[in-house]
Amino acid sequence: MALKLKQVGMRLARIKQLFQLSPSSLYYQPRRKEDSGLMAKIKEIAFKHPCYGYRRIWAVLEREGFKVNIKKVYRLYRAARLQRQQKRKRKIKIYATGYIPRPTHPFSVWTMDFFFTRLSSRKRVKVLVVMDEFLRYAFQPLVSFSIGSEEVVEHLEKIGKQEGFPRWIRCDNGPEFRASSFVKFSEAKRIKIHYIDPGKPFQNGFSESFIGKFRDECLAGYEYRNLKEAREKICEWFRFYNEERPHSALGYRTPTEFYREWSLSNGV
């Protein structure tokens, strides 16, 4: 109201008397910081990573040295109309059957699963995902046209020599994980296998979530020309996931950063 009276020509002394205002408040001109540079950076991140929401974009900005409030990022994110419309997922009731292992430290519980993609020739490629549930760390994937139980065992042996073997492995009831070679391997390494209930992939939520992110951020709209290219691109995304992509469940740190901090705090 005071500003309107000032605009129509009322004397400042009278306005101060009516509203009991200080002179500085009457002469104040609101100044807004220039947001064009920040807006451009937000758009750049959003276009490079279309699946990122404003929280993850804010985390990337922080990692790149921008000191900005998350509320401001949200305001600019909405102003640029970058938000994605997501379908509401129906909540599924989970009924636990028996003991379900929970990760308490690194390399205590691993989770495994397969997913498939295709080359431009439409030939199917099979990918084995092995993750540490505590760290959300995805080990080097196994990518091939065919992966049997013996290849699974060889791959786990290779990972275990570098990182050590877990106490538990969570997986589905696929034939590769029920084969005698895999069972003998787990017994020899004293690894307990937790098979999820048939038809209930949500019981292996870490793998399902990871594979969903991979399909959205790496596979969508891209076709590999041959198996070599598929291996290179898929392995590169796994490296990006572990070392660069902020993870919300880890406080927007990467799995590599989280493991480093955990090791320092626990004297490992």
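Which residue forms a salt bridge with Lys189? In this predicted model, the partner is Glu157, and the closest N and O atoms of the pair are 3.7 Å apart. Lys189 sits in the loop between helix H9 (180–188) and strand S6 (192–195), whereas Glu157 belongs to helix H7 (residues 149–163), so the salt bridge ties together parts that are 32 residues apart in sequence. Neither end is buried. Lys189 is partly exposed, with a relative accessible area of 31%. Glu157 is also partly exposed, at 25% relative accessibility.

Helix H7 also packs on helix H9. The two axes come within 8 Å and cross at roughly 25°. That angle makes H7 roughly parallel to H9, because angles under 35 degrees count as such. On the H7 side, the contact involves Ser149, Glu150, Val152, Val153, Leu156 and Glu157. On the H9 side, the residues are Ser181, Phe182 and Phe185. By class, the contact of H7 with H9 has five nonpolar, two polar and two charged residues. Glu157 therefore appears both in this helix contact and in the salt bridge with Lys189, a residue of the loop that lies between H9 and strand S6.

Val152 gives a closer view of H7. This residue lies in the helix and is buried, with 0% relative accessibility. Apart from neighbours within four places in sequence, Val152 is in contact with Met112, Phe114, Leu128, Ile147, Glu176, Phe177 and Phe182. One of these, Phe182, is on the H9 side of the helix contact. Another, Leu128, is 24 residues away along the chain, yet the C-alpha atoms of Val152 and Leu128 are separated by 7.9 Å.

The salt bridges were then examined across the model. A search of the whole structure finds 11 of them. Side chains of opposite charge can pair when their charged atoms come close. Glu257 and Arg63 are one such pair, with an N to O distance of 2.8 Å. This salt bridge links distant parts of the chain, with Glu257 in helix H12 (residues 255–265) and Arg63 in helix H5 (residues 54–63), 194 residues apart. Arg63 is partly exposed, at 37% relative accessibility.

A further salt bridge falls within a single helix. The side chains of Arg239 and Glu243 meet at 3.2 Å, N to O. Both residues are in helix H11 (residues 227–243), and because they are four residues apart, about one helical turn separates them. An α-helix has 3.6 residues a turn, so residues three or four places apart point the same way. Arg239 is partly exposed, with 29% relative accessibility. Glu243 is partly exposed as well, at a relative accessible area of 40%. The pair belongs to a network of salt bridges that links Glu236, Arg239, Glu243 and Glu244.

Helix H11 also holds Asn242. In contrast to the partly exposed Glu243, Asn242 is buried, with a relative accessible area of 4%. Beyond neighbours within four places in sequence, Asn242 is in contact with Arg136, Tyr137, Ala138, Thr254, Pro255 and Thr256.

Helix H5, which carries Arg63, has Tyr54, Arg56, Ile57, Ala59, Val60 and Leu61 as its buried residues. These residues pack against H4 and H6. Just after H5, Gly65 takes a positive phi of about 100°.

H4 and H6 also meet each other. Helix H4 (residues 36–48) and helix H6 (residues 70–79) pack at an angle of about 70°, and their axes are 10 Å apart. This makes H4 roughly perpendicular to H6. H4 contributes Leu38, Met39 and Ile42 to the contact, while H6 contributes Lys72, Val73, Leu76 and Ala79. By class, the contact has six nonpolar, no polar and one charged residues.

Cysteines were considered last. The count of disulfides comes to zero. Cys171 is buried, with a relative accessible area of 0%. Cys235 is buried too, at 19%, a value that falls under the 20% cut-off for burial.

Technical notes
Residues numbered from 1 in each chain as written. Predicted model: local features only at pLDDT ≥ 70, side-chain atom pairs only at ≥ 80, totals over all residues. Heavy atoms only, no water. Axes fitted to C-alpha atoms, helices over the stretch in contact; angles between N-to-C directions. Helix = DSSP H or I, 4+ residues; strand = E, 2+ residues; numbered from the N terminus. Parallel < 35°, antiparallel > 145°, perpendicular 65-115°, else oblique. Contact = heavy atoms within 4.5 Å. Nonpolar A, V, L, I, M, F, W, Y, C, P; charged D, E, K, R; others polar. Salt bridge = Lys/Arg side-chain N within 4 Å of Asp/Glu carboxyl O. Buried < 20%, exposed > 50% of the residue type's maximum accessible area, 1.4 Å probe, protein only. Disulfide = S-S within 2.5 Å.
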